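Here's a quick tour of how two chains sit together, and of a few helix pairs worth a look. Have the structure open as you read.

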Amino acid sequence: MDSLQLLIDGFGAALTPVNLLYALVGVTLGTLVGVLPGIGPAMTVALLLPITFTVPPASAFIMFAGIYYGGMYGGSTTSILLNTPGESSSMITALEGNKMARRGRAAQALATAAIGSFVAGTIATALLVVAAPAVVAFAISFGPEDYFALAILAFTAVSAVLSRSLVRGLASLGLGLVIGLIGIDQQTGQARLTMGVPQLLDGIDVVIVAVGLFALGEALYVASRLRHSTPEVVPVGRAWMGRADWARSWKPWLRGTALGFPFGALPGGGAEIPTFLSYAAEKKLARGTAREEYGKGAIEGVAGPEAANNASAAGTLVPLLTLGLPTSATAAILLAAFQQYGLQPGPQLFDHNPALVWGMIASLFIGNTMLLVLNLPLAPLWARVLRIPRPYLYAGIVVFAALGVYALNGTVVDLVVLYVLGLLGFAMRRFGLPVAPAVIGMILGPMAEIQLRRALAIGAGDVSVLVKSPVAVVLLLLALGALLTPLVRKLAVRRELAPTVIHEED
Amino acid sequence: MSSPDTPVRAPSGEPTAGEEPPRRWRPELVLALVVLALGVLVIVGTLNVSAAASQLGIGPRFFPTLVGGAMIVIGVFYVIDVLRGGQGDPEESEDVDAGAPADWRSVALVSGIFLAFVTVLNVVGWIIGSALLFFGLSVVLGAGHKVRAAVVGVVLGLVTYLLFVKGLGVTLPAGWLRGVL
């Protein structure tokens, strides 16, 4: 196979001592920052993005792949060992994981999470290797109207799925689109919405938006509602599990992978829905001991959702690498990382930069293996990280946010913009606006505009050109469907007030 | 956009934060009005962008007008939703007590310290500036041991400066310590 040969070449590039070192630094930093409470995978990637600027692209993406998987991984440790609800994708893991930990089975919970993540990550990355060339082959014929429809689908899906309130999801999306408009129009060189500030001519850097909305917004939000009780961390030794745990874990791992990968690849799919579905499926399938233990700390309820979580992380990379379409906030920031190097993910990237793409995919396999080796023995260390005093933690987050943003252009104007965006992030958190649509709108908005103008220019101003291709029609219909989903769901909920333990992560 | 004005609420009994009785005046109204105002601002703010009409009317004003129009529609629905008592789910996070009343004093102090840091950064330099930022924020956020917070701040400022400036070649202001390091 052609792509197999390219993957082997990718391994050749990723397995040099220097790049292995970058991968190791990536997974270690990713896990370390991901373990910190209050920091999800998206913020981990945003905070660590500036570090990669001084590194050549190939190595930077190898490091980034490590940060991405490491950050996903770190979150699960937090939710198992810390007895407080965390961000939505790892909240499901916490349901059974934390109960297991408190019954003295923390080591097993961490082990099934680590090994499950490894299994799911490896299978899902293999699926990525198979799926990516197929999607590229299909997408190579996409015209601008198809890309525009794809962007519209991503916008509506992510706004409708990530919030319980559609209008808040759309408001978040709109805020991101407006931020994306600021600066010089790429086609005509006209300045838009810069309000006369010369520093805004280049637009607002994605790093500032991500760090502002996530890091500074989180710090301000935490300041407003800091939990003053000392965090309760379950003590743990080396993560391990026995034969019975293996027997109970392997099927949930595989089922979680099967759920996570496709959902990760869908616009608006993300990690929340597959982790929830996996949790519900394992609950339904539980027999014997598992059935008795469910709700009190069943290993199946950790193994399945954790596998789903990591498989969705690999699934997200399919549309990101092949179409340039981010389906989660983390993916949007990864896309921004590509753009920092002047690279545009999409079918052409596989053509023009095969070494870089396949080197990155190969390093996902390597990073996954490193994470397994790193995390089983290092669990006690991560548990200690969780005890870091909260005032220091959030003060440190702000210092690093300021560092990363100042380092971009060396101007304090960026720090003022960072603060304004931090306030916006704070307001969004407080009022329950999801942050992901804003980040995706900001990054995908300018691309949607270019494709729209290109399509309309080809069609000589005729709007019907947008629905000329069947692909675009299907995508736009799906987008409409995504907008109507909350309404349908509302009606369904009204009809049968089904008593579920936890409601879908909508 | 068919009536997105009432959020779908989970039928589960999980406590939603801020179960206040519906009131006319709610702080969220400000955010909803900001969304609405931004929509207007985008349209008004791009009026003076002279469109190169060569591209069959699809100049640099076309997309902003679409976005601005959409923002106005969303903003109107959002305002209606807030007035009717709709709520989102405040973000959950490990260190956030979602049920606690907002501590505005801390938010104001964190803001003040950050903006002060921005003002003096280029004068005092990264090491002193970031050490003061760290110290100030950690004390506001409840660090009990002030001396330790100060020591951590200085060490953090020094280490990040050495690591990023000397190690990674990032530019950070030296300020008062120019020539010392």
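## Where the chains meet

Two residues are taken to be in contact if their C-beta atoms, placed from the backbone, lie within 7 Å. Keep in mind that this is a predicted model. On that basis, the contact between the two chains takes in 83 residues from chain A and 75 residues from chain B. On the chain B side, five helices each chip in at least two residues: H1 (28-45), H2 (62-83), H3 (104-124), H4 (126-140) and H5 (146-167). H2(B) gives the largest share, with nine residues. Sorted by class, the side of chain B that touches chain A has 45 nonpolar, 20 polar and 10 charged residues.

## One helix pair across the interface

So how do helices from the two chains line up? Take H16 of chain A (residues 390-409) and H5(B): their axes come within 12 Å and cross at roughly 30°. Angles under 35 degrees count as roughly parallel, and H16(A) and H5(B) are therefore roughly parallel to each other. The crossing is right-handed.

From H16(A), the residues making this contact are Tyr392(A), Gly396(A), Val399(A), Leu403(A) and Ala407(A), and from H5(B) they are Val152(B), Leu156(B), Thr160(B) and Phe164(B). Seven of these residues are nonpolar, two are polar and none is charged.

## Inside chain A

Chain A has 19 helices and two strands. Its C-alpha atoms fill a box of roughly 65 × 55 × 50 Å along the principal axes. The radius of gyration of chain A is 22 Å, which agrees with the value near 23 Å for a compact globule of 506 residues.

For a helix pair within this chain, look at H6(A) (residues 144-161) and H7(A) (residues 166-181), which pack at an angle of about 135° with their axes 7 Å apart. That angle makes H6(A) oblique to H7(A). Here too the crossing is right-handed. Phe155(A), Ser159(A) and Ala160(A) on H6(A) meet Leu166(A), Gly169(A), Leu170(A), Ser172(A) and Leu173(A) on H7(A). The tally for this contact is five nonpolar, three polar and no charged residues.

## Annotated spans in chain B

UniProt, in an unreviewed entry, lists residues 29-50, 62-80, 113-137 and 149-176 of chain B as "transmembrane region". How do two of these spans look in the model? Residues 62-80 of chain B are 100% helix and 0% strand, with end C-alpha atoms 28 Å apart. Residues 113-137 of chain B are 96% helix and 0% strand, and there the end C-alpha atoms lie 7 Å apart.

Definitions and conventions
Residues numbered from 1 in each chain as written. Chains lettered and ligands numbered in written order. Predicted model: local features only at pLDDT ≥ 70, side-chain atom pairs only at ≥ 80, totals over all residues. UniProt positions renumbered as here; feature names shortened; annotations may be inferred. Helix = DSSP H or I, 4+ residues; strand = E, 2+ residues; numbered from the N terminus. Axes fitted to C-alpha atoms, helices over the stretch in contact; angles between N-to-C directions. Parallel < 35°, antiparallel > 145°, perpendicular 65-115°, else oblique. Left-handed = near helix turned anticlockwise from the far one by under 90°. Nonpolar A, V, L, I, M, F, W, Y, C, P; charged D, E, K, R; others polar. Rg over C-alpha atoms; globule rule 2.2 N^0.38 Å.
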